[in-house]
Structure formats: structure tokens, C-alpha cells
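Visitor: I have a model open and want to learn how to read it. Where do we start?

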Amino acid sequence: MNRLFGAKNTAPKPTLNGAISNVETRMETIDVKIFKLTSELQTYQQRLSNMRDGPGKNAIKQKAIKVLQQRKMYESQKDQLQQQSWNMEQAGMMQDNLKNTMATVDAMKTTQKELRKQYGKINIDKIERLQDEMAELMDMGNDIQESISRSYDVPEDVDEAELDAELEALGEEVGADMSYEGSMPSYLSETAAPPTFVDEAPEPSKQKQAAQ
């Protein structure tokens, strides 16, 4: 039976990365061959530069032409392999992007399920009642603060005209006090005349008459 249908192939299937690695190995082998052919062409070029025209020089030229043809062939193969490697790398990047996209979608689905499960445990009505209670407590706090900070016996109906009048009156009082403190009573001045109620000093002749 195996001879008719063949045995089942149990070898692992090639992967994209493995194919890229094989192509790169082939390009390295071709690079070695191109390097050898280029060195051979340089040798022929040096020999031809020192030879005169003739059958010998023509024979060297024919060998150089064959070497150049071989190098072009290998360069063409290398270009093809580079294109293949590039295409496989592009396919690999697309494959990686697709895997990342699928992983992202799976994560989003899992997150969506978890969010629905968590949101299902939340009661909106309870949250609204809690907000209303908090608002009432805030209002009660504001009322308490206003009540505590209330002032006593302080008139609140003072306008700007009354303030200006009060300030002007205070200014006049201050001016009067300053003028009083800066002046001196007339009876304390050195240039002031003696009081009129003081008697004049008696003359000497009058004192003698009085003694007799």
C-alpha cells in the first residue's frame, strides 16, 4: 500500500521565518561567489592594462567577459532572492499585525464582559438617593455655619454717604486736637505782660514818709 500511495509525510511544515532564513543563507552563498568573480575580474583588468593588442589580449578579454556574465547572473539571482525575502517579511509583518489585532479584540471582549458584570451590580437609584442626601447635608452645614457666624447689634444699613460724613467729622476732630496741643496759653509766654492786678512797686520817698 505504501508503494502505491506513498507513506504519510510526518515532516514539520515550513514556517515563514524558516523560509526567510533559508533565502538569506542562499544570498550569503551568492555574495561569496560574486566576491570571487569580482576579484578575478580585477586580476584580468590588471593583466589587460599591461598587455598589447593581439591574440593573447583578446583571449584574456574573452575570459573576462565570461566571468562578468557569471557575476551578472549571480547578481540577478541575488536580486530575486532579496525580493522574495522582502515579500516574506511583509507577509510576516501582516501576520503579526493580524495576531495583535485578534488579541486586542479578544481583550476588548473580555473587558466588555467584565464591565457589564460590574455595572450590573450598581444600583442607579441608590446613587441618586445618596446624592440627594449629600446635598441635604451640605445645605444643613451651610445653615449651621451661617447661624454660628451671625453678628450681634451691628447695623448693616450703612451707606457710602454716611461713611464719608463720619470720616470728615473724624478729620475735623483730629485737626482741632493738633492745633490745641501745639499752642501755648498766653500767660505762660515769656513776652507776655504782667497781670494788671499786681500792684506797682513803692517809690523810696514814699516809704520814708510812711515811716515818719
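Guide: Start with a patch on the surface. Helices α3 and α4 each supply at least two residues of the nonpolar patch. Keep in mind that this is a predicted model.

Visitor: Which residues make the nonpolar surface patch?

Guide: L115, Y119, I122, I124 and I127 make the patch, which covers about 490 Å². Take Y119 as the example. Y119 sits in helix α3. Its relative accessible area is 57%, so Y119 is exposed. The cut-off for exposed is over 50%.

Visitor: What about charge? Which residues gather in a patch of negative charge on the surface?

Guide: Look for acidic side chains that cluster. Here D125, E128, D132, E133, E136, D139, D143 and E146 form the negative patch. One of them, D143, belongs to helix α4, which covers residues 124-148.

Visitor: Let me step back to the overall fold. How many helices and strands does the protein have?

Guide: Count the secondary structure elements and then read their order. The protein has 6 helices and 0 strands. Along the sequence the pattern runs α-α-α-α-α-α.

Visitor: How much of the protein is made up of buried residues?

Guide: A residue counts as buried under 20% relative accessible area. Buried residues account for 9% of the 212 residues here.

Visitor: Now the salt bridges. How many does the structure hold?

Guide: For each one, ask which side chains pair and where they sit in the sequence. The structure holds 4 salt bridges. One of them joins D31 and K78, at 2.6 Å from N to O. D31 is in helix α2 (residues 16-49) and K78 in helix α3 (residues 55-119), so this pair ties together parts that are 47 residues apart in sequence.

Visitor: Are D31 and K78 buried or partly exposed?

Guide: Check each partner by its relative accessible area. D31 has 31%, so D31 is partly exposed. K78 has 22% and is partly exposed as well.

Visitor: And a salt bridge inside one helix? What is the spacing between E75 and R71?

Guide: Read the sequence separation and turn it into helical turns. E75 and R71 are 4 residues apart in helix α3, which means about one helical turn separates them. Their closest N and O atoms are 3.5 Å apart, and the two form a salt bridge. E75 is partly exposed, at a relative accessible area of 31%.

Visitor: Which other pair can I practise on?

Guide: Try K117 and E114. Their side chains meet in a salt bridge, at 4.0 Å from N to O. The cut-off for a salt bridge is within 4 Å. Both residues lie in helix α3, 3 residues apart, or about one turn of the helix. K117 is partly exposed, with a relative accessible area of 49%. E114 is partly exposed too, with 38%.

Visitor: What if there is no salt bridge to follow? How do I find residues distant along the chain and see how they sit in space?

Guide: Compare the separation along the chain with the distance between C-alpha atoms. T38 and L68 are 30 residues apart along the chain, and their C-alpha atoms are separated by 8.1 Å. T38 is in helix α2. With a relative accessible area of 22%, T38 is partly exposed.

Visitor: How far from I20 is the C-alpha atom of N87?

Guide: The two C-alpha atoms are separated by 9.5 Å, while the residues are 67 apart along the chain. N87 is placed in helix α3. N87 is partly exposed, at a relative accessible area of 42%.

Visitor: Last, the database record. Which residues does UniProt list for "coiled-coil region"?

Guide: Read the record, then check the span in the model. The UniProt entry, which is unreviewed, lists residues 64-91. In the model, this span is 100% helix and 0% strand. The C-alpha atoms at the ends of residues 64-91 lie 41 Å apart. The annotation may be inferred rather than shown by experiment.

Technical notes: Residues numbered from 1 in each chain as written. Predicted model: local features only at pLDDT ≥ 70, side-chain atom pairs only at ≥ 80, totals over all residues. Heavy atoms only, no water. Patch = residues over 30% accessible without salt bridge, like charges linked within 9 Å, V, L, I, M, F, W, Y side chains within 5 Å. Areas by Shrake-Rupley, 256 points an atom, 1.4 Å probe, with all protein chains shown as cover. Lys, Arg positive; Asp, Glu negative; His and termini not counted. Charge placed at Lys NZ, Arg CZ, Asp CG, Glu CD. Buried < 20%, exposed > 50% of the residue type's maximum accessible area, 1.4 Å probe, protein only.
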